[in-house]
Structures are given as C-alpha cells and as structure tokens.
Amino acid sequence: MQVSIDHAAATPPYEQLRAQIAEQARSGVLPAGLRLPTVRALAEQLGLAANTVARAYRELEADGVVETHGRRGTLVAATGDTAHRLAAGAAGEYAARARRLGVTRDEALAAVSGALDLVYGEGPEREG
C-alpha cells in the first residue's frame with residue numbers, strides 16, 4: 001500500500017489517508033481481502049498520531065471500504081461496489097425527504113448540484 005501525507009496541505013491528514021485508501025480499494029490497487037497495516041504501524045510509518053489513522057480506518061469501515069476482524073486485523077472489504085451501493089442509498093433517502101418537504105424535482109436537483117460543487121470543488125466559477 002502506497003500512501004503519503006502532505007502535512008502542509010489544508011486537507012486534514014486523516015482525510016488524505018482515508019481518500020487514498022478508498023481510491024486504491026475502488027480501483028483494485030488494494031485487492032479485496034488484503035490486510036492493511038495496524039493502526040500503530042501505519043501511524044509510525046507516516047509520522048501520524050495513532051488516533052489519526054484510527055479515525056481514517058473508522059471512516060473507511062463506515063463507508064464499507066474496509067472490515068475489521070479483531071485479531072485478523074483490518075481488511076479491504078470484499079463486498080464489490082460498496083461505494084456505489086451506499087451512494088445510491090443515500091440518494092434515494094435524499095429524494096424521498098425532498099419530496100416529503102415539498103421541494104420540486106428541479107429544486108432538489110439544484111440543491112444536490114450545489115452541494116456536489118462544494119464538496120468536489122467544482123462549479124461555474126471554477127470551470128474554464
């Protein structure tokens with residue numbers, strides 16, 4: 001597993017680590033079933049606090065990217081396309097809630113588009 005942390009970046013180290021592991025798992029660089037380093041070992045390797053690595057692992061587990069199996073450690077999840085399944089579920093929940101709130105389809109789409117622009121750092125003002 002190849003990960004690096006830019007300590008000068010605005011993005012917190014736990015998020016840099018989470019994003020890199022998630023992308024490598026999604027792309028197959030980290031195959032399903034691969035055992036990740038222990039929290040302590042990875043923290044030492046990257047020059048991070050153990051709590052920072054533990055937070056990244058917790059968020060990866062919550063997203064279905066990894067699974068923790070006690071003494072067997074933390075493994076890359078073998079659940080296939082978990083990220084897309086979870087995103088589709090969240091989208092369905094949002095759509096149902098928007099409808100209950102009386103928001104029109106176009107208004108709901110605009111809200112999602114704006115939120116995605118903020119999260120992904122895109123939008124009309126940044127295109128060019």
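## Alanine 22

Alanine 22 is buried, with a relative accessible area of 18%, which falls under the 20% cut-off for a buried residue. This value, like the others in this report, comes from a predicted model. The residue lies in helix α1. Leaving out residues up to four places away in sequence, alanine 22 touches Leu60 and Val65.

Alanine 22 can also be paired with glycine 64. The two are 42 residues apart in sequence, and their C-alpha atoms are 9.5 Å apart in space.

## The chain as a whole

The protein chain has five helices and two strands. Read from the N terminus, its elements follow the order α-α-α-β-β-α-α. The sections below deal with helices α1, α2 and α3.

The protein chain has 128 residues, of which 26% count as buried. Among its contacts between residues at least 6 apart in sequence, 44% join residues at least 24 apart.

## Helix α1 against helix α3

Helix α1 covers residues 13-27 and helix α3 covers residues 50-62. They pack with their axes 8 Å apart, at an angle of about 45°. The two helices are therefore oblique to each other, since 45° is neither under 35 degrees nor in the range from 65 to 115. The crossing of α1 and α3 is right-handed.

On the α1 side, the residues that meet α3 are Pro13, Tyr14, Glu15, Leu17, Arg18, Ile21 and Ala22. On the α3 side, they are Thr52, Val53, Arg55, Ala56, Tyr57, Glu59 and Leu60. By class, the residues of this contact divide into nine nonpolar, one polar and four charged. Alanine 22, described above, is among the α1 residues of the contact, and Leu60 of α3 is one of the residues it touches.

## Two further buried residues of α1

Arginine 18 lies in helix α1 and takes part in the contact with α3. Arginine 18 is buried, with a relative accessible area of 16%. Apart from neighbours within four places in sequence, arginine 18 is in contact with Ala56, Glu59, Leu60 and Asp63. Ala56, Glu59 and Leu60 are also listed among the α3 residues that meet α1.

Glutamine 16 has its place in helix α1 as well. Its relative accessible area is 10%, and glutamine 16 is buried. What does glutamine 16 contact, leaving aside its neighbours within four places in sequence? Its partners are Ser4, Ile5, Asp6, Ala9 and Thr11.

## The two sides of helix α2

Helix α2 covers residues 39-46, and its buried residues are Leu42, Ala43 and Leu46. Seen down the axis of α2, these residues fall within an arc of 100°, so they line one face of the helix. The buried residues of α2 pack against α1 and α3.

The face of α2 turned away from its buried side carries the exposed residues Arg40, Glu44 and Gln45. Glutamine 45, placed in helix α2, counts as exposed at 53% relative accessibility, because a residue over 50% is classed that way. Glutamine 45 and serine 4 are 41 residues apart along the chain, and their C-alpha atoms are separated by 9.7 Å. Serine 4 also appears among the contacts of glutamine 16.

After α2 comes glycine 47, whose phi is positive, near 70°.

## Helix α2 against helix α3

Helices α2 and α3 pack at an angle of about 120°, and their axes are 8 Å apart. They are therefore oblique to each other, since 120° lies outside the range from 65 to 115 but is not over 145. The crossing of α2 and α3 is right-handed.

Val39, Leu42 and Ala43 of α2 make this contact with Ala50, Val53, Ala54 and Tyr57 of α3. The contact has seven nonpolar residues, with no polar and no charged ones. Leu42 and Ala43 are among the buried residues of α2. Val53 and Tyr57 of α3 take part here and are also listed in the contact of α3 with α1.

Technical notes. Residues are numbered from 1 along each chain as its sequence is written. This is a predicted model: local features need pLDDT of at least 70, side-chain atom pairs count only at pLDDT 80 or more; totals for chains, interfaces and linings use all residues. Side-chain values use heavy atoms; hydrogens and water are left out. Axes are lines fitted to C-alpha atoms, for helices over the stretch in contact, and angles run from 0 to 180 degrees between N-to-C directions. Helices (H or I, at least four residues) and strands (E, at least two) are DSSP runs, numbered from the N terminus. A crossing is left-handed if the near helix is turned anticlockwise from the far one by less than a right angle, and right-handed if clockwise. Contact means heavy atoms within 4.5 Å. Ala, Val, Leu, Ile, Met, Phe, Trp, Tyr, Cys and Pro count as nonpolar, Asp, Glu, Lys and Arg as charged, and the others, Gly among them, as polar. Buried means under 20% relative accessible area, exposed over 50%, partly exposed in between (1.4 Å probe, protein chains only). The arc is that of the directions from the helix axis to the C-beta atoms.
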